[in-house]
Amino acid sequence: MRDALFRAPVWIADDEAPDGAAVPSPEQLAEQARAQLRLPSPVIASSPAGTQLVRLPTWLWLDRAVWQPQSATAAVPAVSVTATATPTSVSWSMGDGRTVTCTGPGTPFPGGGDPRSTSPDCGHTYQRSSAAAAGERFEATATVSWRITWSGGGASGTFPDLTTSASASFRVAEAQALGTG
């Protein structure tokens, strides 16, 4: 019988934790980091802010504070892996059967801008009134695609894209003109 001072030595491999459990691989840590990502929902803005008009450009954009890379890290002693989600595009389903895809968050309408001007990067022009739609409004949905990458522990990779979305409704009216003379 041996006491604690005379036990045979125990060898622990470099890739094993002291309790005998294997240290997670960088890929396993990347999965944990991806699961910890908290992606914000888009915050939709448009101009005109109230009722849209048929054949008048609608500017579309998302709050720029939401359009930022988001990261999360998973770690064990001596190894950490960070997953980063980067917004790449936003797809707008406009409720009238049309879809608009923009590669950025869109540009806010400038104060004092010409209401007939089109957005330089993200907009839509309704061609018909929403009077026949449910609630007399077109339900629009903005869906942001996020590219997910990870790196750490001497490795790197990608995951399938993730998406977040938000909805808004637009009342679209027709302006009637009366000619005289």
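# Reasoning from values to names

Me: What makes Arg34 count as partly exposed?
Reply: This is a predicted model, and Arg34 has a relative accessibility of 28% in it. Buried means under 20%, and exposed means over 50%. Arg34 falls in between, so Arg34 is partly exposed.

Me: How do you know that Glu31 and Arg34 meet in a salt bridge?
Reply: Look at the N to O distance between their side chains. It is 3.1 Å. The cut-off is within 4 Å, so the pair of Glu31 and Arg34 passes.

Me: Where do Glu31 and Arg34 lie?
Reply: Both are in helix H1, residues 26-36. They are three residues apart, about one turn of the helix.

Me: Why is Glu31 called partly exposed?
Reply: Its relative accessible area is 38%. That is not under 20% and not over 50%, so Glu31 takes the label in between.

Me: How many salt bridges are there?
Reply: The count comes to two. Asp114 and Arg116 make a salt bridge too, with 3.2 Å from N to O. That is within 4 Å, so the pair of Asp114 and Arg116 counts.

Me: What makes Arg116 exposed, and how is Asp114 classed?
Reply: Arg116 has a relative accessible area of 63%. Exposed means over 50%, so Arg116 is exposed. Asp114 is at 35%. That value lies between 20% and 50%, so Asp114 is partly exposed.

Me: How do you know that a disulfide joins Cys102 to Cys122?
Reply: Their sulfur atoms are 2.1 Å apart. The rule asks for sulfurs within 2.5 Å, so the pair of Cys102 and Cys122 is a disulfide. The count comes to one disulfide.

Me: Which parts of the chain does this pair link?
Reply: Distant parts. Cys102 is in strand S6, residues 99-102. Cys122 is in the loop between S6 and strand S7. The two cysteines are 20 residues apart.

Me: Why is the disulfide of Cys102 and Cys122 called right-handed?
Reply: The torsion about the S-S bond is about 80°, so the disulfide is right-handed.

Me: Are Cys102 and Cys122 buried or exposed?
Reply: Cys102 is at 2% relative accessibility. Cys122 has a relative accessible area of 1%. Both values are under 20%, so both cysteines are buried.

Me: What makes up the largest nonpolar core?
Reply: It has 31 residues. Those with the most contacts inside it are Leu62, Val90, Trp92, Met94 and Phe170. Several elements give two or more residues to this core, among them H1, strand S3 and strand S5. The largest share, seven residues, comes from S8.

Me: Which residues does Val90 touch?
Reply: Leaving out residues up to four places away in sequence, its contacts include Leu62, Trp67, Cys102 and Val144.

Me: How do you know that S8 and S9 pair?
Reply: 14 bridges join S8 to S9. Pairing needs at least two, so these strands pair. They run antiparallel. They form a hairpin with two residues between them. Gly153 in the turn has a positive phi of about 60°.

Me: How many helices and strands does the protein have?
Reply: One helix and 10 strands. Of its 181 residues, 32% are buried.

Technical notes:
Residues are numbered from 1 along each chain as its sequence is written. This is a predicted model: local features need pLDDT of at least 70, side-chain atom pairs count only at pLDDT 80 or more; totals for chains, interfaces and linings use all residues. Side-chain values use heavy atoms; hydrogens and water are left out. Helices (H or I, at least four residues) and strands (E, at least two) are DSSP runs, numbered from the N terminus. Buried means under 20% relative accessible area, exposed over 50%, partly exposed in between (1.4 Å probe, protein chains only). A nonpolar core is a set of buried Ala, Val, Leu, Ile, Met, Phe, Trp, Tyr and Cys residues joined through side-chain atoms within 4.5 Å. Contact means heavy atoms within 4.5 Å.
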